Each structure stands twice: as C-alpha cells, then as structure tokens.
Amino acid sequence: RSWKLVRNLAGGCRLALGMAPSAAHAGSAETRAAELASYTRKAVEERPDLTIVGDAVYDAKAFREEHPGGAHFVSLFGGRDSTEAFMEYHRRAWPKARMSKFFVGSLDSADKPVQADEAYLKLAAKVNALLPKGSGGFAPWTYWLKAAALLGGAVALEGYMLLRGKTVLLSLLLGVMFALIGLNVQHDANHGALSRNSSVNYLLGYAQDWIGGDKVLWLQEHVGV
C-alpha cells in the first residue's frame, strides 16, 4: 500500500510538471543509457558528431546549432577532445549542468581524461574581473566603434585608390589597415567572440578573404590544430 502511494505521488508530480508518464519514463531511460554508455578516444575519433570534455562525451552535432560562436566552431572539434579549447576560449570551467542535455556517455576508463587547469581558471577569473561588464564575454560597444572605423576606413581608402590611382604611401596605409583588420575583426569574428549572433561572426569572419587570406584555412590552422 505504501509503495502504491509513493508511485501515485510520483505520477502526480510528473503530471503537474506537464510530463506524460511515458515521456518521463522515456527521458529517464535515455538518461540511464547515457550514463552507462562508454566511449574510447579511438571510437570518438571516428565520430565527428561527438566531442570529449573531461571524462564525458557530448553530442557535438546537436550542440553546434546552439553555440553562440557559430556551428562551424564546434564542428572543428567533432571527433576530438575539446577540454582545453573550451577553457582557453571561454576562460571558465565547463558548465556540466547546462550541457547535460547533450551528454551521451563517459570516456572509457582505459583512457585518461584531460583535467581542468585550476591555476589557469583562477588566473582567468582575475582577468575576467578586469574586463568590461555587461557584454557577456562578447565585444563591448567601444570595440564596435573600432571595428567600424577600421572597416569603413579601409573601404574608403581602397575606393579612393581605385578611382584616383595608387601610390606607395596609400598602399602602405592600406596594408596597415588590412593588418589591423586581420588582427582584430576577422580574428575575433572567426573565434566567435564578437557577437552573440553567430551570423554576424560568420559574415565578419570573411574579412579574412577580403584582406587576402582564406577564412576556411585560417580556421583549420589557427583554431582546428
């Protein structure tokens, strides 16, 4: 009789939360299956839809569309260990609770997980405290002024040179502006660090092609390696 009461109370809680009993059972079954699943590093290397963080394996394919920095950034770490990359680019510990819905299993006990660098995270916390507040880790409004000045100035200068002719001095000036665009706008955009809108990062990342480089190769060599 006591067992029936407990079971009914549990069912009532599920209904109160808007969950059908069968859906609740299915969700718990999927969770248990994920907790029991185990992947070796070699197995993950053959699965570009998976990525490793610490001792856990996640569904990179499902997460990439939700990544503020852009889907392509997550895709670069498909089939790989992204523990250190996350720490370096986000300057914080991996949010396990928030990412639990993408959890698909654990790293096999035979493989040693990459541990979080606590010293680095402490240093990152001190640096974060000095950064402008309210931007959520993305570019503050002052950065956008700088980016607009660089992009607008380069467009204006290049247009002037096309219409009025080239000189050594103007060419050198344009080269300096292109270098600053490469070191600032395209670099930060291709890191997914400029805007919460991944489309903005994606488009501004093509500034690399405008200044004579190649966005895809830059991502592969600078981010993917």
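**Close-up views of a predicted model**

**View 1. The surroundings of L123 in the predicted model.** At 52% relative accessibility, L123 counts as exposed, because the cut-off for that class is over 50%. The residue belongs to helix α7, which covers residues 118-130. Together with V127 and L131, L123 makes up a nonpolar surface patch, and the accessible area of these three residues taken together is about 230 Å².

**View 2. Strand β5 and its pairing with β1 and β3.** Strand β5, formed by residues 103-107, is paired in the parallel sense with strand β1, residues 38-39, through two bridges; within this pairing, S38 has S106 of β5 as its bridge partner. Strand β3, which spans residues 56-59, runs antiparallel to β5 and is joined to that strand by three bridges, and here F103 of β5 is the bridge partner of Y58.

**View 3. Helix α8 and the buried residues along it.** Comprising 24 residues, from 141 to 164, helix α8 extends 34 Å between its first and last C-alpha, close to the 34 Å expected at 1.5 Å a residue. The buried residues of this helix are Y143, A147, L150, A154, L157 and M161. An α-helix has 3.6 residues a turn, so residues three or four places apart point the same way. The buried residues of α8 pack against α9 (168-190) and against α11 (207-210).

**View 4. The position that follows helix α8.** Just after α8 comes G165, whose phi is positive, with a value of about 110°.

Conventions:
Residues are numbered from 1 along each chain as its sequence is written. This is a predicted model: local features need pLDDT of at least 70, side-chain atom pairs count only at pLDDT 80 or more; totals for chains, interfaces and linings use all residues. Side-chain values use heavy atoms; hydrogens and water are left out. Patches are made of residues with over 30% relative accessible area and no salt bridge: like charges are joined within 9 Å, nonpolar side chains (Val, Leu, Ile, Met, Phe, Trp, Tyr) within 5 Å. Accessible areas come from the Shrake-Rupley method with a 1.4 Å probe; for residues, only the protein chains shown count as cover. A salt bridge is a side-chain nitrogen of Lys or Arg within 4 Å of a carboxyl oxygen of Asp or Glu. Helices (H or I, at least four residues) and strands (E, at least two) are DSSP runs, numbered from the N terminus. Buried means under 20% relative accessible area, exposed over 50%, partly exposed in between (1.4 Å probe, protein chains only). Two strands pair if DSSP finds at least two bridges between them. The expected span of a helix is 1.5 Å times one less than its number of residues. Contact means heavy atoms within 4.5 Å.
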